[in-house]
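Hi,

Here is the structure I promised to pass on. Have a look at it first, and my notes follow right below.

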Amino acid sequence: PNGDTLAASNFDTDISFVGENFSYRPYFQDAMTGRPGRFFAVGTTSLKRGYFFSAPALDDGTILGVTIVKVDLDQ
């Protein structure tokens, strides 16, 4: 819930998102209020354009964190 990335599809690459903090991003903030988030941006780690989708990760109604998917729009 503090915005630190715990898992990512690029965990084993030089530009892994694991350990990065994305709490400042609007899609993260939306999901932490219980709403789905959507946002277009250039990735601060990858430097690639993308569209981000987010949703709160819930346990019995409590927001434990955020699940985020980025669709690469670089091409």
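Tyr-24 comes out as partly exposed, because its relative accessibility is 42% and the partly exposed class runs between 20% and 50%. Bear in mind that this is a predicted model, so please read everything below as a description of that prediction.

Tyr-24 is also a good way into the aromatic side of things. Phe-17, Phe-22 and Tyr-24 make up one aromatic cluster, and the structure holds five aromatic pairs. Phe-17 and Phe-22 meet edge-to-face, with 6.3 Å centre to centre and 80 degrees between the planes. Phe-22 then pairs with Tyr-24 in a tilted arrangement, at 6.4 Å centre to centre and 40 degrees between the planes. As for exposure, Phe-22 is buried because its relative accessible area is 11%, under the 20% limit. Phe-17 has 23% relative accessibility, so it counts as partly exposed.

Phe-17 has another contact you may want to click on. Asn-10, which sits in the segment before α1 (26-32), touches Ile-15, Ser-16 and Phe-17, leaving aside residues up to four places away in sequence. Is Asn-10 buried or exposed? Asn-10 is buried, with a relative accessible area of 11%.

Now the core. Nonpolar side chains in soluble globular proteins tend to be buried together. Which residues form the largest nonpolar core here? There are five: Phe-22, Tyr-27, Phe-28, Ala-41 and Phe-52. So Phe-22 belongs both to the aromatic cluster and to this core.

Phe-52 deserves a look of its own. Not counting residues up to four places away in sequence, Phe-52 touches Tyr-27, Gly-37, Arg-38, Phe-39, Ala-41, Ile-68, Val-69 and Lys-70. Two of the core members, Tyr-27 and Ala-41, are on that contact list. On top of that, Arg-25 lies over the face of the Phe-52 ring, at 5.6 Å from the ring centre.

On to the sheet. It is an open one with three strands in the order β1-β2-β3, paired antiparallel. β1 (37-42) and β3 (62-72) are the edge strands; each has a single partner strand, so one side of each is left without a neighbour in the sheet. Direction ignored, neighbouring strands are turned by 30 degrees against each other on average.

Taking the two pairings in turn, β1 and β2 run antiparallel and are joined by six bridges. One bridge partnership there is Val-42 with Arg-49 in β2. β1 and β2 form a hairpin with six residues between them, and Leu-47 in the turn has a positive phi of about 60 degrees. On the other side, β2 (residues 49-59) pairs with β3 in the antiparallel sense over 10 bridges. Phe-53 stands opposite Val-69 in β3, and Val-69 is also one of the residues that Phe-52 touches.

Last, the loop between β2 and β3, where you will find Gly-61. At 66% relative accessibility, Gly-61 counts as exposed. How far apart are the C-alpha atoms of Gly-61 and Pro-36? They are separated by 15 Å, with the two residues 25 apart along the chain.

That's it from me, over to you.

Cheers

Key. Residues numbered from 1 in each chain as written. Predicted model: local features only at pLDDT ≥ 70, side-chain atom pairs only at ≥ 80, totals over all residues. Heavy atoms only, no water. Phe/Tyr/Trp six-rings, centres within 6.5 Å; stacked < 30°, edge-to-face > 60°. Buried < 20%, exposed > 50% of the residue type's maximum accessible area, 1.4 Å probe, protein only. Lys NZ or Arg CZ within 6 Å of the ring centre and 35° of its normal. Pairing = 2+ DSSP bridges. Helix = DSSP H or I, 4+ residues; strand = E, 2+ residues; numbered from the N terminus. Axes fitted to C-alpha atoms, helices over the stretch in contact; angles between N-to-C directions. Core = buried A, V, L, I, M, F, W, Y, C linked by side-chain atoms within 4.5 Å. Contact = heavy atoms within 4.5 Å.
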